[in-house]
Amino acid sequence: MELGIEGRWALVCGASKGLGKGCAKALVAEGVNVVITARNPQALEETAAELRQLNSSVTVKTVVGDITTVAGREAALTACPVVDILVTNAGGPPPGDFRDWTREDWIAALDGNMLTPIELIKASVDNMAERGFGRIVNITSGAVKAPIGILGLSNGARSGLTGFIAGLARQPQLVSNNVTINNLLPGLFDTDRLRESTQASASAAGQALDQALENKRRAIPAGRFGNADEFGALCAFLCSRHAGYLTGQNLLLDGGAYPGTF
């Protein structure tokens, strides 16, 4: 399918690895120029080289920085000539027991997983509407629909973002001008984040990491963890010209693990 976004510019956050990288790869394959940002310079440049090899006709820019900071956001936005497509993504807060979390822990979680996406959207959405095209995809978490006990910081912050997007995405001045905003909710994907969160629960239960991962895999009807490329493919479709009638939605990718109807 021709997605109709060749030549557009995208800002993809947290794109040096994992799901952010998967989204950047899918967009570059469709001829989208990208600005990718992450904190690790070596990983970021390695990803940039891979993207350029994937499609030599596009421009790939890198911005090293922390997207959850004002400076990091300003640098990333400045590097992108026109933000036609925005993919927000930031590492989730650490797992743990809410009894141990301080106010500062909660503020950090909100800054990273709620307020940072909102600030990026604020900086780009009106210009999208003026140009008559815009696609915003927020990478959140399947925990928005099925909260995970040890990920309370993430549950709370990402749910706050979800509520905010539900109102913003339906504003007529945006969607009538071909600007859509949707959330992608990953379940268990084969990423560093999966291993980190599983290690915490495995250690608490006195279990080996490999066994804990295997137990999680067996609980997924698809019988496997997701991969970043299939996640990126759906992201690219949401960014396409075909998705102009799809907005304010929370799309769950979890291999059938969530048991609910809604």
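Author: A salt bridge is a side-chain nitrogen of Lys or Arg within 4 Å of a carboxyl oxygen of Asp or Glu. The model discussed here is predicted.

Reader: Why is Arg73 said to have no salt bridge?

Author: The nearest side chain of opposite charge, Glu119, is 5.1 Å away from Arg73. A salt bridge requires a distance within 4 Å, therefore this pair does not qualify. Arg73 is nonetheless buried, and buried means under 20% relative accessible area.

Reader: Where is Arg73 placed, and which residues does Arg73 touch beyond four places away in sequence?

Author: Arg73 belongs to helix 3, residues 70-79. Its contacts include Asp66, Thr116, Glu119 and Leu120.

Reader: What makes strand 3 and strand 7 edge strands?

Author: The open sheet has seven strands in the order 3-2-1-4-5-6-7, with parallel pairing. Strand 3 (60-64) and strand 7 (250-253) each have a single partner strand, so one side of each lacks a neighbour in the sheet. From one strand to the next, the twist averages 15°.

Reader: How do you know that strand 5 and strand 6 pair?

Author: Two strands pair if at least two bridges are found between them. Six bridges join strand 5 (residues 134-139) to strand 6 (residues 179-186), and therefore the criterion is met. One of the bridges links Gly134 with Val179 of strand 6.

Reader: Which helices lie against the sheet, and at what angles?

Author: Helix 3 packs on the sheet, touching strand 1 (9-13), strand 2 (33-38) and strand 3, and its direction makes about 165° with that of strand 3. Helix 9 (residues 228-238) lies across strand 4 (85-88), strand 5, strand 6 and strand 7, at about 165° to strand 6.

Key. Residues numbered from 1 in each chain as written. Predicted model: local features only at pLDDT ≥ 70, side-chain atom pairs only at ≥ 80, totals over all residues. Heavy atoms only, no water. Helix = DSSP H or I, 4+ residues; strand = E, 2+ residues; numbered from the N terminus. Buried < 20%, exposed > 50% of the residue type's maximum accessible area, 1.4 Å probe, protein only. Lys, Arg positive; Asp, Glu negative; His and termini not counted. Contact = heavy atoms within 4.5 Å. Axes fitted to C-alpha atoms, helices over the stretch in contact; angles between N-to-C directions.
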